[in-house]
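Me: Could you take a look at this one with me? I have a few quick things to ask.

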Amino acid sequence: MKHLPLIAVLAASPAFSGVEEAANDYILPNLAKFSETARSLNELAQANCEAETLEDPFHTAFDAWMAISDIRIGPSEHAALSISFWPDKRGFTEKTLSRYIAEEDPIVADQVAFQEASIAARGFFALERMLYDPDFNDYAEGDYSCALTRALTRDLAVQAFNLQAEWADFAPTLLNPGAEGNATYLDASEAQRAIYTQLLATLEFTTATRLGRPLGEPARPRPTRAEAWRSERSLRQSLLATEAAVDLAHALANSDLPETDAALAAAREQADTITDPSFQDIEDLTKRLNLELLQQRIEAVEHAIEVEVGARFGIAPGFNSSDGD
Amino acid sequence: MKRTTLTATALILGAVPAFAATKGEVLDTYADIGHAAYEDSLITARALSGAIDALVANPTEVTLAAAREAWIAAREPYQQTEVYRFGNPIVDDWEGKVNAWPLDEGLIDYVDASYGGPTDENPFASVNVIANEQLTIAGQEVDASDITPELISDTLNEADGIETNVARGYHAIEFLLWGQDLNGTDPGAGERPHTDFVQGDDCTNGNCDRRVDYLQSATDLLLSDLEEMVAAWDEGGAAREAVMDDEDQGIIAILTGMGSLSYGEQAGERMRLGLMLNDPEEEHDCFSDNTHRSHYNDGLGVQNVYLGRYERVDGSLVEGPGVSDLVAESNAALDEEMTRKLDITMAAMTDLSDAAENGFAYDQMLEAGNEEGEALIMNAVNGLIDQTATIERIVSELELDMIEFEGSDSLDNPNAVFQ
């Protein structure tokens, strides 16, 4: 950065960086949408906690969350973990919910205490268990499990509201890189890199984890490792995440991305060949192949974004939260 | 070790420029530190092996305590090597053999009833090979009548491709020395009695002969695994050569190791996630309650490779030009920022470690609503995240960030990825 001529410094000013578009046109409105849908899910749950009646609003809120679920900067770094704790490699969600139910833990009556609960027993994946797992969803008004479901939707609505509020505080940091006192983003390129890292991480997580975990080894598929398979959202999760990355790429690039759009269209087309949206049929080799092809199509979206956004604007990704094991 | 010495002429002329550390010198130091740290891991693991032999020969509270102490001592240098993992496939592909975690310990030995049985993810979570000479794993009959290093490495470890079937490495040995920690978020480690290793009628919890076989076999494996990695970092070794092969890629590997360990692995997966799960099983060294030292030494390893300085277990120093010297030459303020942030993280790690050593166990810090524990952990997490931002700045400063693009098939020929 030290030898940049003046013209390059001007070009890197916020007006051209795409960060403003990413924040104002994408992240903030989608946070608002998530907050609204989570509130509405909770209102319906407080009126009627029964599992079946909550399925539609559950999907609506989860869809809204997927637009921003893999963004892990600012307040989302912490919040995303308690809104959607997955993968759960050691079965913590099942264990913790079972314990609450067996002990009729009074935590469900105390919303503030619930905020301190294990993240395994909070958020969408705990709620999914309560609504879709036959071992959990057979409850009625007056049962402990009804109160637990209500505690979960209430907590989710509060989390969504808080996240939106925290982002309102954080947005100026992202939007004013290099401003006095901004030690997080020292110049526009750092804010740009932060957004770019998020959208690539979404795609990597989708191919490696959302699809890679259930695919397992060729001779040993693991269908119950699919994300949100109980609510039959597995395919939807991967598609929504891919779309989110492409939308964010458009905002950041602020221009046409024909290769990226074509790659996304190809991924959608491949998704149409998948007959079980929860991937439970991938023991069948032809079904498995369709899923592997989807994985490749989504990898192609990532490569297209690297070409059309990364290489074109000279942005390289930073470290992301899935860089560990 | 290879620090440039000023020549007399340079001193006389008064022309003492800042050391122009070359990338090659920085890589030499990096590989030397790696070699020394793996060698220290091997030396201390041999001491552990000796202590385990003494325990087996004469199981008493004293010999068990000595074996535990030797395990804790062996972890100190090993954790400082973790910074060599990420970004270096030779290390990362090997690492699962020695430090895989978390484990479903019921695969190995008896567990408390509260542990539960098979899970959705792992049907073999409670197989208990020490108690069972015949096993069925993924439809295959397994003869486990002799517990040998081969049985552990070829059949049990990652049985059926499941990551939590950790049958070897430090944490398997840790479980055998301490047993389960059943204290929840209260203080206290595992309390396995020394009589679990006594042969004959005084054996507790059954199968003491097989337990001893397991413990010694797992320890033998650890030694041979560490020998492999010491050789890999020796002159002409594969890991050293891989780093030296291309200087820019070598520096990228150093910075990738520092950033990936700091951020995704340590700040995220190990520390923040464990805190948010409030689960003492999410402690990295949960049986021994040594998690605070693991975290501390992971942090220290990052600082070591940046500064180009490692203090060996015998107190001697391995030092030479570090990444710090490269950065300082290009941007002194950025080097100062990195050095300062590493100090801040290590101060937070020291607070955390001191608190645990003084009786505030890591388990207790994880308890829901324990604000003091949360603050100790989150200070370290925030330090790690903050230093990662500076590592990214260093990647840009050294103009290494666009190198990945060069020579990438997909970028030279976008259509390649659609074929």
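The chat below goes through chain B, two helices of chain A and the contact of the chains.

Me: Before we start, what kind of model is this?
Reply: This is a predicted model, and what I say here rests on its computed coordinates.

Me: OK, chain B then. How many helices and strands does chain B have?
Reply: Chain B has 15 helices and four strands, and its C-alpha atoms fill a box of roughly 80 × 55 × 45 Å along the principal axes.

Me: And what radius of gyration does chain B have, set against a compact globule?
Reply: The radius of gyration of chain B is 23 Å, which agrees with the value near 22 Å that a compact globule of 419 residues would have. Buried residues make up 52% of those 419 residues, and among the contacts in chain B with a separation of 6 or more, 71% are between residues 24 or more positions apart.

Me: Switching to strands: in which sense do S1 and S2 of chain B pair?
Reply: Strand S1 (residues 134–137) of chain B and strand S2 (residues 140–143) of chain B pair in the antiparallel sense, over four bridges, and Thr136(B) stands opposite Glu141(B) in S2(B).

Me: What about the turn, which residue there takes a positive phi?
Reply: That is Ala138(B), with a phi near 50 degrees, in a hairpin that has two residues between S1(B) and S2(B).

Me: Now chain A. Where does helix H3 bend?
Reply: H3(A) bends by about 25 degrees at Ile27(A), and Pro29(A) follows within four residues. As for its span, the 29 residues of H3(A) (residues 19–47) should cover 42 Å at 1.5 Å a residue, and the end C-alpha atoms are 41 Å apart, which agrees.

Me: And H9 of chain A, how many residues does that one have?
Reply: Helix H9 (residues 144–175) of chain A has 32 residues and reaches 46 Å from its first C-alpha to its last, close to the 46 Å expected. H9(A) bends by about 40 degrees at Asp169(A), with a proline, Pro172(A), following within four residues.

Me: Last topic, the contact. How many residues does it take from each chain?
Reply: The contact takes 34 residues from chain A and 35 residues from chain B. On the side of chain A that touches chain B, helix H5 (76–83) and helix H13 (285–313) each supply at least two residues, and H13(A) gives the most, with six residues.

Me: How do the residues on that side of chain A divide into nonpolar, polar and charged?
Reply: They divide into twelve nonpolar, twelve polar and ten charged.

How values were computed. Residues numbered from 1 in each chain as written. Chains lettered and ligands numbered in written order. Predicted model: local features only at pLDDT ≥ 70, side-chain atom pairs only at ≥ 80, totals over all residues. Rg over C-alpha atoms; globule rule 2.2 N^0.38 Å. Buried ≥ 20, exposed ≤ 12 C-beta atoms within 10 Å, placed from the backbone. Contact = placed C-beta atoms within 7 Å. Expected span 1.5 Å × (residues − 1). Bend = angle between axes of the 7 residues up to and from the residue. Nonpolar A, V, L, I, M, F, W, Y, C, P; charged D, E, K, R; others polar. Pairing = 2+ DSSP bridges.
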